Amino acid sequence: MIKAGVIGATGYAGAELVRILMNHKEVEIKWYGSRSYVEQPYADIYRNMFEIVDAKCMDDNMEELAEQVDVIFTATPQGFLAGVLNESILSKTKIVDLSADFRIKDVATYEKWYKIEHKSPQFIEEAVYGLCEVNRDLVKKARLVANPGCYTTCSILTAYPLVKEGLIDADTLIIDAKSGTSGAGRGAKTQNLFCEVNENMKAYGVATHRHTPEIEEQLGYAAGKQILINFTPHLVPMNRGILATEYATLKKKADGSLPTYDEVKAAYDKYYAKEKFVRVLPKGVCPETKWVEGSNYVDVNFVIDERTGRIVMMGALDNLVKGAAGQAVQNMNLMFGFKETEGLEMVPMFP
Ligand SMILES: NC(=O)C1=CN([C@@H]2O[C@H](COP(=O)(O)OP(=O)(O)OC[C@H]3O[C@@H](n4cnc5c(N)ncnc54)[C@H](OP(=O)(O)O)[C@@H]3O)[C@@H](O)[C@H]2O)C=CC1
Ligand SMILES: CC(=O)N[C@@H](CCC(=O)OP(=O)(O)O)C(=O)O
């Protein structure tokens, strides 16, 4: 049994972590970190935890926490972990960071897109990008894992096999993604009020969203070269869920023909057939957020458009599970040598 601390346990991603870890056989939560609710019973903030969690919220003192636990999850805003991390903390405990602080390898790129100064660039190189299906072996050895976010996990996993196998021209990739409102966190923001979101749909961060360079970097590694993509997120009136629809030009074969369905399917199967949490759907079935809700699954599929020579790839996941807390636990399982699926075998809920 290991001990875990969750900093940001009062946020949406942190609360989902608590919920998942409650059912993990190898983990005991020792610290429910908060900024605004210190000394208040955790179950007063999240009443689903009434008579389940007796603990009170604690502060966000990483130095003290590092002395007491084997792993710290930081489900905190961008800049928090980078602002407090030091070698002393990392020598005592492992960290899974749900923010973007250590996801992007180039500091200048991080600072440009996030518009904040990076306070701990010395740890960027060491941090492992925790996309388990791609970086599993590196995660196993890591002290610091940068847990990918919801849009990026969905966008990258949906296109990864085709980029890696060179079946598409990665520079033609256009990602159109939709997110439920929990993706924006629990903090009060006018644009996320019920009347602003309900019965509404809107694009935001068009051509400027901070996930663009993260997707470019990771798919660039798969392509073996730098790539440029378009990424447009949308806010939709749902609690949870991400749906990414991705378009790219298929590379023609030597005889001028397009790759066939079977050839593209074989590429997906090559990377995902043995992956528990990535489900390649049967031909003609489009991923839906409802069929993955509450679970750590990502559903993916594709359709070849013979007329335009493009392929339409689709992916769906639950932003709080595979897009955040579930993937964070999957990473922790790898880091500690637990069964990778421990605590994560939740069946998607419906309706
Ligand atoms: N929501 C999602 O779907 C996903 C979120 N993420 C990432 O996870 C992280 C948390 O997101 P989310 O849960 O949505 O956000 P929330 O706004 O819901 O929660 C933020 C949490 O961080 C705490 N916090 C806020 N400011 C500070 C601070 N200055 N110092 C210490 N703690 C602070 C809050 O404490 P308190 O409430 O007590 O003030 C709260 O517990 C972010 O980095 C986000 O990008 C990643 C993937 C998906
Ligand atoms: C709906 C919504 O507002 N979503 C957030 C993404 C939250 C998130 O997951 O951020 P990270 O992946 O970087 O951790 C946004 O667009 O900023």
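**Exercise 1. Which residues of α8 meet which residues of α11?**

Some ground rules before the solution. This is a predicted model, where local features need pLDDT of at least 70, side-chain atom pairs count only at pLDDT 80 or more, and totals for chains, interfaces and linings use all residues. Residues are numbered from 1 along each chain as its sequence is written, while chains are lettered from A and ligands numbered from 1 in the order in which they are written.

*Step 1.* Find the helices: α8 covers residues 150-164 and α11 covers residues 261-272. Helices (H or I, at least four residues) and strands (E, at least two) are DSSP runs, numbered from the N terminus.

*Step 2.* List the contacts. Y160, P161 and L162 are the α8 side, and V264, A267, Y268, K270 and Y271 are the α11 side. Contact here means that C-beta atoms, placed from the backbone, lie within 7 Å.

*Step 3.* Sort them by class: seven nonpolar, no polar and one charged. Ala, Val, Leu, Ile, Met, Phe, Trp, Tyr, Cys and Pro count as nonpolar, Asp, Glu, Lys and Arg as charged, and the others, Gly among them, as polar.

*Step 4.* Get the geometry. The two axes come within 9 Å and cross at roughly 110°; axes are lines fitted to C-alpha atoms, for helices over the stretch in contact, and angles run from 0 to 180 degrees between N-to-C directions. So α8 and α11 are roughly perpendicular, a label for angles of 65 to 115 degrees (under 35 is roughly parallel, over 145 roughly antiparallel, the rest oblique).

**Exercise 2. Work out the strand order of the open sheet and what packs on it.**

*Step 1.* Walk across the six strands: β2-β1-β3-β4-β6-β5, with parallel pairing. Two strands pair if DSSP finds at least two bridges between them.

*Step 2.* Spot the edges, β2 (27-33) and β5 (128-129), each pairing on one side only.

*Step 3.* Zoom in on one pair. β1 (residues 2-7) and β3 (residues 71-74) share four bridges, and G5 has I72 as its bridge partner in β3.

*Step 4.* Add the helices. α1 (residues 12-22) touches β1, β2 and β3, its direction making about 160° with that of β1. α12 (residues 321-335) touches β3, β4 (94-97) and β6 (144-146), at about 155° to β4.

**Exercise 3. Describe how the two domains meet.**

*Step 1.* Split the chain into domain 1 (2-148 + 322-335) and domain 2 (151-318); the bounds come from an automatic or database domain assignment. Their centres, taken over C-alpha atoms, are 25 Å apart.

*Step 2.* Count the contact: 19 residues from domain 1 and 23 from domain 2.

*Step 3.* On the domain 1 side, α6 (107-114), α7 (132-140) and α12 each give two or more residues. The biggest giver is α12, with five.

**Exercise 4. Compile the surroundings of both ligands.**

*Step 1.* Ligand 1 has 29 residues around it, and G11, S34, S36, S99 and G185 are the closest. A residue is near if its C-beta atom, placed from the backbone, lies within 6 Å.

*Step 2.* Sort that shell: 10 nonpolar, 16 polar and three charged. Each domain supplies at least three of its residues, and α1 gives the most of any element, three.

*Step 3.* Turn to ligand 2, whose neighbours include S99, C150, Y151 and T152. α8 makes the largest contribution, three residues. By class, this shell holds six nonpolar, five polar and no charged residues.
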